[in-house]
Amino acid sequence: TRFGTNRKSGSDPGRTPGTWGMRKFFADGYFGQMEEGQDLVAAGYAGLAGTRLIAETKRQELTGRFAAGYLDRLACFQEYPVVLEREQRELKDWEPFGATECESAGEGGILAAVWHLSGAYRLGVEFSLRKIPLKQETIEICEFFGLNPYRIYSGGCWLLASKNGGRTVEELAGQGVHGAVIGRITKGISRIITDVGQGRFLNRPQPDELEKVIPDWKQYRMLL
């Protein structure tokens, strides 16, 4: 993908991805669209790619806690179908599912994707952490290493904007991709996590949680 001028704000196309006033356009001229009232959909499992990378590189440490068969299944891609980030999908690939905009939840996890996508349009979001798709294996391995599963590398998980999130989820399921409506696009610029009391604001993207256990994790991504 490339980044172009925001039709609304006329921002400088030379700025970096995910900064204020930017929005994506694709090599074939496709422009995305996102507006207040749309649903926010997660396609694929957040943190799964990072979890599998940990299972591949930290197996010796994990065998004291988890059975070998458990780790073998986690390392097997066929057991956990996801849309691989390296396929370099573009918006036109998601439009048949009802999506009008997309953002890969790669480095920094799905929370980084929420931040970047909402910031690109100067719009707010309200979403629930509990609704974000996570594998039980991701929860358990992240707990073992003290990691935040929402801020760990999530290549293969995508964030989509859709006018009908329920239908998008159904269409994804028809293609073997797990999806869930996790929130909605709102007016303003507030990014609110709705799970806690009156809600709390989403913090800025942090360094990927993988750095805490695999400092040079980026060189191992091809293992996936």
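**Figure 1. Phenylalanine 66, a buried ring with a stacked partner.** Phenylalanine 66 has a relative accessible area of 8%, so it counts as buried. Keep in mind that this is a predicted model. By the rule used here, there are six aromatic pairs. One of them joins phenylalanine 66 to tyrosine 70: the two rings are stacked, with 5.0 Å from centre to centre and 10° between their planes. Tyrosine 70 is buried as well, at 15% relative accessible area. Now look at phenylalanine 144 and phenylalanine 145, which make an edge-to-face pair at 4.9 Å centre to centre, with 90° between the planes. Phenylalanine 144 has a relative accessible area of 31%, so we call it partly exposed. Put together, Phe66, Tyr70, Phe144 and Phe145 make up one aromatic cluster.

**Figure 2. Two charged side chains over rings.** Here we look at lysine 135, which lies over the face of tyrosine 45, 4.6 Å from the ring centre. Another case is arginine 191, placed over the face of tryptophan 115 at 3.7 Å from the centre of the ring.

**Figure 3. The seven-stranded sheet and the helices on it.** Follow the strands of this open sheet across and you get β4-β6-β3-β7-β5-β8-β9, with mixed pairing. Which strands stand at the edges? They are β4 (99-104) and β9 (200-201); each has a single partner strand, so one side of each has no neighbour in the sheet. Further in, β5 pairs with β8 (residues 191-193) in the parallel sense, over three bridges. Phenylalanine 127 stands opposite isoleucine 193 of β8. Helix α5 packs on the sheet, where it touches β3, β4, β5, β6 and β8, and its direction makes about 130° with that of β4. Helix α7 (residues 165-174) lies across β3, β4, β6 and β7, and runs at about 15° to β3.

**Figure 4. Inside the nonpolar cores.** The largest nonpolar core holds 26 residues, and Ile110, Phe127, Ile132 and Leu159 have the most contacts inside it. Where do its residues come from? At least two each are supplied by β3 (39-43), α5 (109-121), β5, β6 (158-162) and β7 (179-186). The top contributor is α5, with eight residues. Zoom in on isoleucine 132 and, leaving out residues up to four places away in sequence, you'll find it touching Ala46, Ile110, Phe127, Tyr150 and Ile182. There is also a second, separate core of 21 residues, with Leu53, Ala55, Leu74 and Ile152 among them.

**Figure 5. Glutamate 126 and its surroundings.** Glutamate 126 sits in strand β5 (residues 124-127). Is glutamate 126 buried or partly exposed? Its relative accessibility is 26%, so it counts as partly exposed. Ignoring neighbours within four places in sequence, glutamate 126 is in contact with Ile182, Gly183, Arg184, Thr186, Ile192 and Thr194. Leucine 40 is worth finding too: it is 86 residues from glutamate 126 in sequence, while their C-alpha atoms are 8.8 Å apart in space.

**Figure 6. Arginine 122, in a loop with a positive phi.** Look for arginine 122 in the loop between α5 and β5. Its phi is near 55°, a positive value in a residue other than glycine. With a relative accessible area of 44%, arginine 122 is partly exposed.

Notes:
Residues numbered from 1 in each chain as written. Predicted model: local features only at pLDDT ≥ 70, side-chain atom pairs only at ≥ 80, totals over all residues. Heavy atoms only, no water. Helix = DSSP H or I, 4+ residues; strand = E, 2+ residues; numbered from the N terminus. Buried < 20%, exposed > 50% of the residue type's maximum accessible area, 1.4 Å probe, protein only. Contact = heavy atoms within 4.5 Å. Core = buried A, V, L, I, M, F, W, Y, C linked by side-chain atoms within 4.5 Å. Pairing = 2+ DSSP bridges. Axes fitted to C-alpha atoms, helices over the stretch in contact; angles between N-to-C directions. Phe/Tyr/Trp six-rings, centres within 6.5 Å; stacked < 30°, edge-to-face > 60°. Lys NZ or Arg CZ within 6 Å of the ring centre and 35° of its normal.
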